[in-house]
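Trainee: I should like to discuss the nonpolar and aromatic packing of this model. May we proceed by question and answer?

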Amino acid sequence: MFRLTYTSSPSWPISSSIVVLDSSFNPPHLAHLALASYSPLSAGESHAGSSTSAKLSRLLVISSKNADKVPKPGEPNTDDRLEMIERMARWMHEERCEDVAVAVVEAPTFCGKSQILVKELNKRSTISMNGEKDRRFCLTFVQGWDTIIRFFHPKYYTDMQDTMSTFFNVDNSRVACARRGDISQEDEEAFLSNPDVCLWKEKVDLFDLGDEALKGVSSTKIRAAVLGGDQASLEGLVLPGVAEVIEQRGFYKESQ
């Protein structure tokens with residue numbers, strides 16, 4: 001299942017190169033924004049937190065299979081999260097002129113989501129993308145370190161080689177991973193030399209978020225700020241529009 005809930009313009013995507021951030025967004029915060037702002041060097045001469053590349057489109061994805069679980073007391077449901085995600089997307093468009101969209105995708109894995117997105121995007125490609133009608137889509141899924149470790153773990157696949165070949169070669173998708181402070185260069189090199197990873201390492205990019213402060217942003221800190229009534233801290237962790245929804249609807253005020 002695929003459903004677009006927001007696009008910054010009717011012609012989205014204007015580019016065949018699309019950065020995809022798939023998350024539970026509970027809630028969307030500034031680290032999500034930094035990840036969603038990632039730019040491959042080949043497309044934008046820069047990385048996360050830098051100026052917008054006109055060659056890129058962006059997509060924020062929430063999975064209904066995960067998001068439709070009954071929310072814990074005081075937590076936003078799927079529609080509430082979508083509203084907050086869309087507020088982030090609008091901010092990205094209005095403040096940074098990003099070509100951005102929000103979608104719900106029902107698939108349990110990145111590989112499954114890639115297949116759905118490529119199929120749906122090809123349907124939309126009948127609309128001219130700045131003369132790129134015949135260009136092939138390239139989706140870059142932005143992930144954190146723990147996520148990319150799971151992505152390349154054989155236990156999640158019946159036939160890992162076939163699944164990876166479909167993702168990287170047939171779908172033409174890529175992955176990008178934000179570095180984590182406690183992961184050494186040796187750890188990175190060991191990961192990239194792993195037999196399950198090295199075949200595809202040319203389509204894997206490890207990058208820095210840029211702002212050290214963003215590495216400490218988390219949903220746990222947001223909950224603590226809300227429970228403590230610390231509005232200043234909350235506003236340093238999320239965009240104003242997201243903080244407004246959290247405050248107005250009383251989210252995260254019940255201790256977990």
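The exchange below concerns nonpolar cores and aromatic contacts in this predicted model.

Trainee: Which residues touch the most other members of the largest nonpolar core?

Mentor: The largest nonpolar core holds 43 residues. Elements giving two or more residues to this core include β2 (17-22), β3 (57-63), α4 (78-96) and α12 (240-249). The members that touch the most others are Leu-60, Phe-207, Leu-234 and Ile-246.

Trainee: Which residues does Leu-60 touch, not counting residues up to four places away in sequence?

Mentor: Among its contacts are Leu-21 and Phe-25, together with Ala-36. The others are Ile-85, Met-88, Ala-89, Met-92, Val-100, Ala-101, Val-102 and Ala-103.

Trainee: How are the rings of Phe-152 and Phe-191 arranged, stacked or edge-to-face?

Mentor: The ring centres are 5.9 Å apart. Planes over 60 degrees apart count as edge-to-face. Because the planes of Phe-152 and Phe-191 stand at 70 degrees, the pair is edge-to-face.

Trainee: Is Phe-152 buried or exposed, and where does it lie relative to Phe-191 in the chain?

Mentor: Phe-152 has a relative accessible area of 4%, so it is buried. Phe-152 belongs to the loop between α6 (145-151) and α7 (160-170), whereas Phe-191 is in helix α8 (residues 185-193). The pair thus links distant parts of the chain, its two residues being 39 residues apart.

Trainee: Which residue has its charged end over the ring of Phe-110?

Mentor: Phe-110 belongs to an aromatic cluster that includes Phe-141, Trp-145 and Trp-200. The charged end over its ring, 5.7 Å from the centre, is that of Lys-113.

Technical notes: Residues numbered from 1 in each chain as written. Predicted model: local features only at pLDDT ≥ 70, side-chain atom pairs only at ≥ 80, totals over all residues. Heavy atoms only, no water. Core = buried A, V, L, I, M, F, W, Y, C linked by side-chain atoms within 4.5 Å. Buried < 20%, exposed > 50% of the residue type's maximum accessible area, 1.4 Å probe, protein only. Helix = DSSP H or I, 4+ residues; strand = E, 2+ residues; numbered from the N terminus. Contact = heavy atoms within 4.5 Å. Phe/Tyr/Trp six-rings, centres within 6.5 Å; stacked < 30°, edge-to-face > 60°. Lys NZ or Arg CZ within 6 Å of the ring centre and 35° of its normal.
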